[in-house]
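Please work through the exercises below with the sequence and the model side by side. Each task is followed by a solution that goes step by step.

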Amino acid sequence: MSTNENDKQYNDPYAKPKQPENTVQPQQDLAGDFDFANAKPVERTVGNSITDSIKGIGVGTVAAADSLLGVSDMQNQGNTSAAIRKLTGVDLKKVKESISNTKSDVSKAQQREYQEAKGVGAKLGVALSNPSLIASAAVESLPSMAVGALAGRGVSKLGGAAKAGVGSAAIGEGLTMAGSQANAIRDDASNPDRTLTGEQVAYSAATGLGGTLFGFLGGKVAQKLGVHDIETAMTTGRMTPQQALVAAGEEATKIRARDIPISVMKGAIAEGLLEELPQSLSEQISQNLATGKDWTTDLDDAAVMGTLAGAMMG
């Protein structure tokens, strides 16, 4: 899983609109009627946190469905999604944008502040001071992770494996990453015809292979540390190493309360630094190269949010 795979698939609804020269107008958010120039301070509440989370799940669900189309698009240069749009009149990119645009004003303000921050240090400061930003990225990635888990289970059955494990979980994750990358490239502003070239398909496949490799290595390190990475847990249905031991017919030791903080830290390191960070960076670099951008574009965003969202889920 990589958290930037969803964010890059639709236009930025938080960008500042350009104003004509020699005019003074309040800055209006393109996503709605939020007036940043004259707005009163807004706060995160239980109510808007719940509604934003529900909408985040909605965005993530649409993105997960789009990743499946992306895998198919890789086989025919984007013709599958084009056919779906023509047949149904539904553009999943616009659906994601529409849902995102209905999020609360506080969510829009936080996201805008994060996007305007320059550099790893500045973005890290904004993210840590607004934990709901990290939670939002994690929530939006859950549906794609669920699709990857189902794909991983299917892979293990096709391979004749008795039980799903780290390897099948990594393959399932890589498949969804490849599909999401194909979507991001297809829907990028530099690609108005929304098709995929052979080179862009290759970059999408490379993203999936890289995601599989980093996912497998991260899962193995997590096992060595005595914790479960979330992709393996979702694929196997066993959320802790103790459950895995019981399922294998082995005796599991009880987790002591004093060991829980250490286990949480181990999980955050394994999922955030060892898995999500390299996955997010490699995914962003591939997308930049595939769309003709400088290879360093948005790497600060990928590094910060990928690591923090991964650590939260670890």
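The exercises go from the whole chain to one helix, and then to a group of charged side chains.

This is a predicted model, in which local features need pLDDT of at least 70 and side-chain atom pairs count only at pLDDT 80 or more, while totals for chains, interfaces and linings use all residues. Residues are numbered from 1 along each chain as its sequence is written, and side-chain values use heavy atoms, with hydrogens and water left out.

**Exercise 1.** Determine how many helices and strands the chain has, and what share of its residues is buried.

Solution. Begin with the DSSP runs, numbered from the N terminus, where a helix is H or I over at least four residues and a strand is E over at least two; the chain has 13 helices and zero strands. Next, take buried to mean under 20% relative accessible area, with exposed over 50% and partly exposed in between (1.4 Å probe, protein chains only); of the 314 residues, 45% are buried. Finally, with contact meaning heavy atoms within 4.5 Å, 73% of the contacts between residues at least 6 apart in sequence join residues at least 24 apart.

**Exercise 2.** Compare the reach of helix 2 with its expected span.

Solution. Helix 2 covers residues 46-76, which is 31 residues. The expected span is 1.5 Å times one less than the number of residues, and the 45 Å from the first C-alpha of helix 2 to its last is close to the 45 Å expected. After helix 2 comes glutamine 77, whose phi is positive, near 60 degrees.

**Exercise 3.** Find which residues are joined into one network by salt bridges that share partners.

Solution. A salt bridge is a side-chain nitrogen of Lys or Arg within 4 Å of a carboxyl oxygen of Asp or Glu, and the whole structure holds ten of them. One of these pairs lysine 96 with aspartate 66 at 3.3 Å, N to O; lysine 96 lies in helix 4 (residues 92-100) and aspartate 66 in helix 2, so the pair ties together parts that are 30 residues apart in sequence. Aspartate 73 forms another with arginine 186, the closest N and O atoms being 2.6 Å apart, and this pair links helix 2 to helix 8 (residues 166-186), 113 residues apart. Arginine 186 also meets aspartate 187, at 3.1 Å, N to O. Taken together, salt bridges with shared partners join Asp66, Asp73, Asp91, Lys96, Arg186, Asp187 and Arg194 into one network.
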